[in-house]
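Reader: Please take a close look at the aromatic rings in this model. I would like pair geometry, burial and any charges placed over rings.

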Amino acid sequence: MDLRSRPVGALAGVVPALLLAAMAAGPAAAQDTIRIISHRQPALEYYTGKMAAALPEGRVTVELMPIDRELELASITMSSQSDAIDVLYLNDASFQRFAANGWLEPLDDLWEKYREEYDLDDFPQSVIDAVSYDGKIYAMPIQTNTELFFYRTDLLEEAGIEPPTTMEEYAAAAAQLHSARTAGTIMSLKPVDAALNEAHWYMNAIGDGWFDDAWKPIFNNAAGVEAITKLKEMTQYAPRGFTAHANDESTINLQQGLAAMGLQWFTRAAAMDNPEQSRVVGEMGWVAPPGGGARIANDGFAISRFSSNDRDEMFRMMAEAASKESMREGAQFAMPPRLSVLEDPALAEQFRWYTAAREAVESGQAFPAMPDFLDVGEIVTRHILRAVTGEAEVQAALDQAAAETESLLASRGYYN
Amino acid sequence: MVSWQRGLWLFFVPSFGLLAVVLLWPLGYAIYLSFFDYFLGTGTRTFIGLGNYIELLSEARLWRSMWTTIIIAFGSVALEFAVGFALALALYRLNSSAKVFSVLLFLPHIVTPVVAALFLKWMLAANWGLVDATLLTFDITPPDWLGDPLWAKVSVILADAWIFTPLIMMVLYAALQGLDASLIEAAQIDGASNWRILRHVIIPALIPAIIFTISVRLMDVFRFFDLIYVLTGGGPGTATETITMYTYQLGFRMLEVGKASALGVITLVIVAALLLSINRALNSIYRGGDR
Amino acid sequence: MSAADAPNRRRRDTWLIFIALSVFTVINLMPLIWAVLTSLKDPRDAFTIPPTIIFEPTLEYHRQVWFENDFFVYLKNSLIVSAGTVLISVPFGSLAAYALSRIPRRSAGPILSALFTIRMFPHMLLAIPFFVMGTFLNLIDSYILLILALVAINQPFTIWLMHGFFLDIPRDLDEAAAIDGCTSWQAFRIVILPLARPGMTVAALFSLLLSYNEFLFALVLTGTSTKTLPVAIASFGGEDISSWSLSAAGAIGIMLPIVVVMLLLQRYLVRGLTAGAVKG
């Protein structure tokens, strides 16, 4: 080749050279630290902090991000069997998915080994079931989250209304308290997760739930249609913009006094009494959601099956964070799944919402225990929202959702 | 061909080599996956030929979201172009103070898209968003910006325009600066009205820049995602569900990678066809305008 | 209309335009101004009716962003990624664009169209293959794959932009150089390149914007030690509104460096674009 081509050829050689250089330099450092990824919220900030503190400085790196980003990153990483993530936070629904995919490390032997040392029998069976899949334990329970019914004690008192215990009372109270400035009730109907939670409550309180025993959809039966029709009716008492509201927006509406009541997570209760954020300090009360059946979720931390770090060490790290002392302190952010902590009467005295929360756990309902419920939710939520905004009739929308759900579940092998 | 042109192909090597390795490979892989029933969860893939395509093309949802995409895309680009052009003309006219304005007006384009979405949410959120909070203070009840099906589309278009109008403004302003000022002066001396000068002198000279901005914007607006995801999540109902929202749901939420890839390929084909015909049309206007 | 009226009217029009433009600019910058105010407020005052305009500003959240969250590490990562992208993207793109501008139009056209077709493919569908590639080459949590990915998705635009510049440089110049005995490389380097500098500045600025702001690939391809600012900022969002003032402070923090760069280089942007980027 003659002279003219040489400089260009050299440039063309840059890419492979850079690639080689990068490979040589390699991400070697990433392998010895334990990388934890988690959703960001106060309780999880606390518990990931505890995990990092359980091991020597620099041994653990924690990355917090919104849960949708976390799950995207984790799905991509684990489906390619990469060891880039060691420990990750999973909520109930995503836990089922990840466990069913074989992406998580079974923990039974370690559970047995450390049962005494960390008093793991302190976790009630229902919680252990929630972090198990197909008979194996896959996660360390870290928080029980439950939806509570938030209401403004001052407004209800003024109007002479008792906190509602049934959906009818809820509807009547919302209608009575609704005004131009203060909405009767918050409703979080932003697609997908927020709206799914709201619909889950109605579907259990009024409808017959999502599925029958053979995983056939029943949410489009008469009771299901009634539930979603009710949901649609209630939106007239919701704050403006409710279709774009998720937990953050609804929390702000409550904190700013723009709504009188409604369904919201336990983890948001403390923020109501925080004078830096809230204008309704001391004026919020809590009861178990009327009608029952609102969502409860047991969340935890799991170890990636593809992690190349020492699983014993990682298990101990998680167990430290989930220890009695740690959970006693963490109780201000989230409901601890440990019985000994939960039943401590001092807790209810210190945090006003614990009484309601323990009732809510009794009357609440978790998502159906199936790995594909989030995907079902993607389908169902969309159709429910079409019904709510009047794009489709309730019955027609639910029928279509049921048909699509059945075909999805068939393709995932549910009816074989 | 002149002799010096012989080595010319070598100039393509670095760029196209990189594209082939880094971009064509994943693209080819995605096309390959589009022929499979591939659920990332279990990792099993079954060849199903055109199955994904047939399923998608027969779905009402695909066409609905395609329409939504087209409405939002053309709405955004039209608005961005109209406002951008007006701003460019104003800047051109101002001359001396234009520099300050051009810097300030370009700022929104620099903001990281994820962050921009957040800023706009703080503006448009119902009740406590700045727009609502201000109007409510004066007892004006504004429309439900993100919750009403029609307004949600408008809001999403406005949001996109906020970020990309500055780009169009800047390109057209630069093109105006390159304009031969004597042509305009001559027309003014002839007593031509501003409107006539605009139509017969300025616009014809700007046609290449206009085609450039419109094509670039149209191409990108079909990938429009972050803003909608943050502002409305595709709602209310399905009012702002674009084709990329649907792709995201299939690929990232439901992990149906095969089907998502097929959707990507379908989008690519439709958008490419659309853009090709628009480009043809613009080009023929261009030729017509040249004469 | 008398001759004396015309300049007066013109001056009046100019004033009207000036006022209209000022109003528009203020409204247009409202989201930014509001974000700055939010970053200086406690969360309780951030979202109120009527909007809180008078409050006691606090720099607490900015302090947290810059000094408690490894902000400088992320900034360094972002700068490395951006610089890498610009330094590869612009030379590669210029070479290809030059060649494109010197081959017959009927062959250049389809190549340009093909490039743009690639550009339109949804990025999220590239994320998974990129990650698979990264795992295979053991390049996750390194800069290089992210840089190459950003260069690749940016190439079509860079090439198209530069193509316009090179078309504007008369071919006679190349031919004269060839007659003087230059090879095509020498002609490009000695004769053409200096003339294309304004265009390269513009291309560099746009590459910079893209690579500094890109989120999805950065999320998937970086890890603890190479995380860029947009990914880091995303973790300030969500779940609890006490973090919204923090989000705002983070958002302002991520903007500042790029705004400074843009302010410094703005005149090159206009000058470069004027010089003919868009005459293709």
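Author: B:F36 is buried in this predicted model. Its relative accessible area is 10%, which falls under the 20% limit. B:F36 pairs with B:Y32. Their ring centres lie 4.9 Å apart, and the planes meet at 55°. That angle is neither under 30 degrees nor over 60, so the pair counts as tilted. B:Y32 has a relative accessible area of 42%, so B:Y32 is partly exposed. This pair therefore joins a buried ring, B:F36, to a partly exposed one, B:Y32.

Now chain A. Over all chains, a search of the whole structure gives 54 aromatic pairs. One of them is A:F351 with A:Y354. Here the centres are 5.9 Å apart, within the 6.5 Å cut-off for a pair. The planes stand at 45°, so this pair is tilted. A:F351 is buried, at 12% relative accessibility. A:Y354 is buried as well, at 1%.

Chain A also holds an aromatic cluster. Two Trp residues belong to it, A:W210 and A:W215. A:F211, A:F219, A:F367 and A:F373 are members too, along with A:Y414.

Next, the charges over rings. A:R412 reaches a ring of chain B: its charged end sits over B:F39, 3.6 Å from the ring centre. Within chain B, the charged end of B:R45 sits over the ring of B:Y38. There the distance to the ring centre is 4.7 Å.

Notes. Residues are numbered from 1 along each chain as its sequence is written. Chains are lettered from A and ligands numbered from 1 in the order in which they are written. This is a predicted model: local features need pLDDT of at least 70, side-chain atom pairs count only at pLDDT 80 or more; totals for chains, interfaces and linings use all residues. Side-chain values use heavy atoms; hydrogens and water are left out. Rings of Phe, Tyr and Trp (its six-membered ring) pair if their centres lie within 6.5 Å; planes under 30 degrees apart count as stacked, over 60 as edge-to-face and the rest as tilted. Buried means under 20% relative accessible area, exposed over 50%, partly exposed in between (1.4 Å probe, protein chains only). A charge sits over a ring if NZ of Lys or CZ of Arg is within 6 Å of the ring centre and within 35 degrees of the ring normal.
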